[in-house]
Amino acid sequence: MMSSFTITRLVLFAVLIACLISASTLLQQDAKLVPSVAAAELGYSSSISGNVALVGAYGVNSNKGAAYIFRSSDGRATWPSSETQKLTASDGVASDKFGWSVSISGNVSLVGAPFATVGGKSQRGAAYIFRSPDGGTTWPSGETQKLTASDGNTDSMLGRSVSISGDIALAGAWLHDFSGIIDPGAAYVFRSPNGGTTWPSQETQKLTASDAGKNYHLGYSCFVSGNIALVGAIKSHVGSTDQGAVYVFRSSDGGTTWPSSETQKLTASDGASVDWFGNSVSFSGNISLVGARRADIGSNSYQGAAYIFRSPDGGATWPSSSETQKLTASDGAAGDALGWS
């Protein structure tokens with residue numbers, strides 16, 4: 001008769017093998033998304049909502065750019081081997097770099113073209129709305145609406161970052177000048193009055209930092225979810241150091257109106273000059289995640305890090321002193337740039 005000790009060892013061994021098999025399965029890709037024709041810089045930006053994936057390729061056609069829709073027809077169990085549809089700007093020209101940034105929410109896609117010339121002003125930038133009439137099954141061949149900033153100037157680069165949530169579209173213009181300040185940056189809110197069916201051609205509201213300064217670069221990154229908008233400013237000053245910050249804007253009426261300046265400013269407790277804290281941002285529930293891809297870890301320059309901030313009340317307020325946690329890679333090395341996205 002086999003001893004209980006031996007049986008226990010066999011059971012544990014079986015569990016270990018099962019876990020390893022499970023882990024191996026989890027670490028394998030489900031699908032590789034490749035367009036039907038080679039696309040330069042495919043994957044520089046990406047977003048997913050439900051069973052639709054949106055992937056930017058700003059280098060297509062002499063940097064005119066494109067974005068590709070990949071739609072799963074079986075609840076994300078499998079994905080098509082090539083794109084369902086290719087999105088382009090109806091007025092796009094070479095070097096617009098349409099697809100530099102992308103975001104999708106439900107049946108609406110948002111694509112940034114930060115190098116686009118608008119009103120004769122080079123690199124003023126734009127963002128394009130594409131709306132599917134049937135829940136993401138098909139998409140229009142051209143944009144539903146082109147979004148621009150009413151006060152955009154040369155080199156504002158609106159669309160360097162974009163995000164969409166429900167009837168709110170957010171676009172960053174990280175090199176926007178205003179009030180005589182060079183490159184403080186800004187972000188622009190575009191609100192659909194009818195749940196995403198139509199959109200205004202120019203912003204509903206402009207978001208700026210109360211402490212806006214030269215080369216702060218607000219709008220380098222942005223993210224909106226519900227009534228919370230996060231906007232990164234990679235060289236915002238904290239004290240005398242240009243370590244970067246993230247500005248929280250909170251709407252008190254479900255996104256209809258937004259404060260003219262931030263509700264709160266998030267910074268890293270151990271931030272240092274040129275960390276680029278805020279080069280990427282994301283928000284879900286009561287948790288914010290902020291990348292600082294140039295942060296030094298020990299002696300490793302630009303190893304990068306990410307920071308967690310937790311709101312105790314669903315985003316109404318945030319810790320003012322420091323982050324909840326700092327995330328780093330156990331095997332990180334110099335130049336890894338953890339937190340790029």
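Is Ile 182 buried, partly exposed or exposed? Ile 182 has a relative accessibility of 44%, so it counts as partly exposed. This tour of a predicted model returns to that residue after a look at the whole protein and several of its strands.

**The whole protein**

Start with everything shown as a cartoon. The protein contains two helices and 20 strands. Its C-alpha atoms fill a box of roughly 85 × 50 × 40 Å along the principal axes. For 341 residues, a compact globule would have a radius of gyration near 20 Å, and the 22 Å of the protein agrees with that.

Now switch on the surface. The accessible surface is about 15,100 Å², and carbon and sulfur atoms hold 51% of it. Of the 341 residues, 47% are buried. Among contacts with a separation of 6 or more, 49% are between residues 24 or more positions apart.

Colour the charged side chains next. There are 22 positive and 25 negative ones, and the centres of the two sets are 2 Å apart.

**First stop: strands S5 and S6**

Select residues 101-105, which form strand S5. Five of these five residues are buried, so the strand is largely enclosed by the rest of the structure. Show the side chains and look at the two directions they take. Ser 101, Ser 103 and Ser 105 point one way, Val 102 and Ile 104 point the other way, and all are buried.

Add residues 108-113, which make up strand S6. S5 and S6 run antiparallel and are joined by five bridges. To see the pairing at one position, select Ser 101 and find Gly 112 of S6 opposite. The two strands form a hairpin with two residues between them. In the turn, click on Gly 106, where phi is positive at about 60°.

**Second stop: strands S9 and S10**

Move to residues 158-165, strand S9. This strand is mostly covered, with eight of its eight residues buried. Its antiparallel partner is S10, residues 168-173, and six bridges link the pair. Select Ser 161 and look across to Gly 172 in S10, which stands opposite.

S9 and S10 form a hairpin, again with a glycine to inspect. Two residues lie between the strands, and Gly 166 has a positive phi near 60°.

**Third stop: the loop after S10**

Follow the chain into the loop between S10 and strand S11 (186-191), and select Asp 183. Which sign does phi of Asp 183 have? Phi is positive, about 55°, although Asp 183 is not a glycine. Asp 183 has a relative accessible area of 16% and is buried, since buried means under 20%.

In the loop between S10 and S11 you will also find Ile 182, the residue of the opening question. At 44% relative accessibility it is partly exposed; that class covers values between the buried limit of 20% and the exposed limit of 50%. Show what surrounds Ile 182. Leaving out residues up to four places away in sequence, Ile 182 touches Asp 177, Gly 213, Lys 214 and Asn 215. For a distance to check in the viewer, pick the C-alpha atoms of Ile 182 and Arg 124. These residues are 58 apart along the chain, and the two atoms are separated by 15 Å.

**Fourth stop: strands S13, S14 and S15**

Select residues 228-233, strand S14. Six of its six residues are buried, and the strand is mostly covered. With side chains shown, Ile 228, Leu 230 and Gly 232 point one way and Ala 229, Val 231 and Ala 233 the other, all of them buried.

S14 pairs with S13, residues 218-225, in the antiparallel sense over six bridges. Here Val 224 stands opposite Ala 229 in S14. The hairpin of S13 and S14 has two residues between the strands, and Gly 226 takes a positive phi near 60°.

Then add S15, residues 245-250, which is antiparallel to S14 and joined to it by six bridges. Gly 232 and Val 246 of S15 stand opposite each other.

**Last stop: Tyr 302**

Finish in the loop between strand S18 (287-292) and strand S19 (305-310), where Tyr 302 is found. What is phi of Tyr 302? It is near 55°, a positive value in a residue other than glycine. Tyr 302 counts as partly exposed, with a relative accessibility of 40%.

Methods:
Residues are numbered from 1 along each chain as its sequence is written. This is a predicted model: local features need pLDDT of at least 70, side-chain atom pairs count only at pLDDT 80 or more; totals for chains, interfaces and linings use all residues. Side-chain values use heavy atoms; hydrogens and water are left out. Buried means under 20% relative accessible area, exposed over 50%, partly exposed in between (1.4 Å probe, protein chains only). Helices (H or I, at least four residues) and strands (E, at least two) are DSSP runs, numbered from the N terminus. Two strands pair if DSSP finds at least two bridges between them. The radius of gyration is taken over C-alpha atoms; the globule rule is 2.2 Å times the number of residues to the power 0.38. Contact means heavy atoms within 4.5 Å. Accessible areas come from the Shrake-Rupley method with a 1.4 Å probe; for residues, only the protein chains shown count as cover. Lys and Arg count as positive and Asp and Glu as negative; His and the chain ends are not counted. The place of a charge is taken as NZ of Lys, CZ of Arg, CG of Asp or CD of Glu.
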